[in-house]
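Biologist: Before we begin, could you take me through this model and explain, term by term, what each label rests on?

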Amino acid sequence: MRLVDLHCHLDLYPDFEELVKECEREAIYTLAVTTTPKAWARNKALADRTKHVRVGLGLHPQLAATHASEIALWERLLHEATYVGEVGLDASPQYAKSLPEQKRVFERVLKACSKQGGKVLSIHAVRTASTVLDMIEEHLDLASNVPVLHWFSGSLSEARRASALGCMFSINARMMDSPKAAGLVKAIPREQMLTETDGPFTQTKEAPSRPRDVVTCVRMLALALGIEQDEVAATVYENFRRIIGKTTQRVDKG
Ligand code: MN
């Protein structure tokens, strides 16, 4: 069974380097998202030695209040990246105050991706699903980029709108615990489903989830969909291959 963890913060684990090796040894396709572009170089150096680990160039919305100026560095590095994340918006009480800065940063992210094309974006949208979708619709070239909504927590109608726009969804085990999960899973077409752990921000057996623990999400999805785990894993892997195929469609408008 091939496993895909499309959103994990490998560099936030005390055994970061070992974890990269673990993903490679166990052949877990892992997107190592980052929260600041300053983390790019080290993540890339480690991931470049592997077949299964890829790195996202990120600027996390929860850091916008203090790190918004790093968008310039992020933009300079973008040509090196195929994957972008973690990026997005967060209007939870702690971060709502920085929403104007967050939007400015996210707009630049979307516009820069549109200019280069061929990017897969792992997008955070806490209490902002509609705004994030509005901004994707307005600023992201959807013909040459793939938005992936990570840990989607919007409404069913927002999920349907995202799906119609062509967004992918990376689903984690924590989401599957919620009462909304069954409805959400049915609203998302199978060809738009991916899996993630969002480790270390989720737990598996009382420890921070590691990419290999994405199997828990596969099991829960299989249960919710009434199909075999192998079929879920195969579908997710196929979806992963398909979005990677899209990353070769760079537009390079200079
Ligand atoms: Mn995350």
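Modeller: I would start with the open space in this predicted model: the largest pocket holds about 280 Å³. It is lined by 14 residues, and those closest to its centre are Q62, H124, V126, H150 and D198.

Biologist: Which strand gives the most to the lining of the largest pocket, and how does that lining divide by class?

Modeller: Strand β5 (residues 119-126) gives the most, with 3 residues, while the lining as a whole divides into 5 nonpolar, 7 polar and 2 charged residues.

Biologist: What makes up the second largest pocket?

Modeller: The second largest pocket has about 210 Å³ of space, and of the 16 residues that line it, F152, M175, S178, K180 and L184 lie nearest its centre. The elements that give two or more residues to this lining are α8 (173-177) and α9 (181-187). By class, its lining has 10 nonpolar, 4 polar and 2 charged residues.

Biologist: What makes a residue a donor of the manganese ion?

Modeller: A donor has an N, O or S atom within 2.8 Å of the metal, and the protein donors here, H7 (NE2), H9 (NE2), E86 (OE) and D198 (OD), lie 2.2 to 2.4 Å from the manganese ion, so they meet that cut-off. In sequence these donor residues are spaced H-x1-H-x76-E-x111-D. H9 lies in the loop between β1 (3-8) and α1 (16-25), whereas E86 lies in strand β4 (residues 83-90), so the pair ties together parts that are 77 residues apart in sequence.

Biologist: How do you know whether H9 and E86 are buried or exposed?

Modeller: Buried means under 20% relative accessible area; H9 is at 1% and therefore counts as buried, and E86, at 2%, counts as buried because its value is also under that limit.

Biologist: Why does M1 count as buried or exposed, and where in the chain does it lie?

Modeller: M1 lies in the segment before β1, and because exposed means over 50%, its relative accessibility of 52% makes M1 count as exposed. M1 nevertheless has contacts with residues beyond four places away in sequence, touching V215, V218, Q229, D230 and A233. From C-alpha to C-alpha, M1 and D230 are 6.2 Å apart in space, although 229 residues separate them in sequence.

Biologist: How many aromatic pairs are there, and why is the one between Y29 and Y237 called tilted?

Modeller: The count comes to 3 aromatic pairs. Y29 and Y237 are 5.4 Å apart, centre to centre, with 45° between the planes; ring centres within 6.5 Å form a pair, and an angle that is neither under 30 degrees nor over 60 counts as tilted, so the label follows. Y29 lies in strand β2 (residues 28-32) and Y237 in helix α11 (residues 229-246), so this pair ties together parts that are 208 residues apart in sequence. Both Y29 and Y237 are buried.

Biologist: What makes the pair of F152 and F169 stacked, tilted or edge-to-face?

Modeller: F152 and F169 are 5.5 Å apart, centre to centre, with 85° between the planes, and because an angle over 60 degrees counts as edge-to-face, that is the name for this pair. F152 lies in the loop between β6 (145-150) and α7 (156-165) and F169 in strand β7 (residues 168-171), 17 residues apart, so the pair links distant parts of the chain. F152 and F169 are buried.

Biologist: Which residues form the aromatic cluster?

Modeller: Y29, Y237 and F240 form one aromatic cluster.

How values were computed: Residues are numbered from 1 along each chain as its sequence is written. This is a predicted model: local features need pLDDT of at least 70, side-chain atom pairs count only at pLDDT 80 or more; totals for chains, interfaces and linings use all residues. Side-chain values use heavy atoms; hydrogens and water are left out. Donors are N, O and S atoms within 2.8 Å of the metal (3.2 Å for Na, K and Ca); water is not among the atoms, so sites may look incomplete. Helices (H or I, at least four residues) and strands (E, at least two) are DSSP runs, numbered from the N terminus. Buried means under 20% relative accessible area, exposed over 50%, partly exposed in between (1.4 Å probe, protein chains only). Contact means heavy atoms within 4.5 Å. On a 1 Å grid over the protein atoms alone, a cavity is a set of points where a 1.4 Å probe fits but cannot get out, and a pocket is an open set with protein on both sides within 12 Å along at least five of seven lines; lining residues have an atom within 4 Å of a point. Grid points are joined across faces, edges and corners, and a volume is the space filled by probe spheres set on the points. Ala, Val, Leu, Ile, Met, Phe, Trp, Tyr, Cys and Pro count as nonpolar, Asp, Glu, Lys and Arg as charged, and the others, Gly among them, as polar. Rings of Phe, Tyr and Trp (its six-membered ring) pair if their centres lie within 6.5 Å; planes under 30 degrees apart count as stacked, over 60 as edge-to-face and the rest as tilted.
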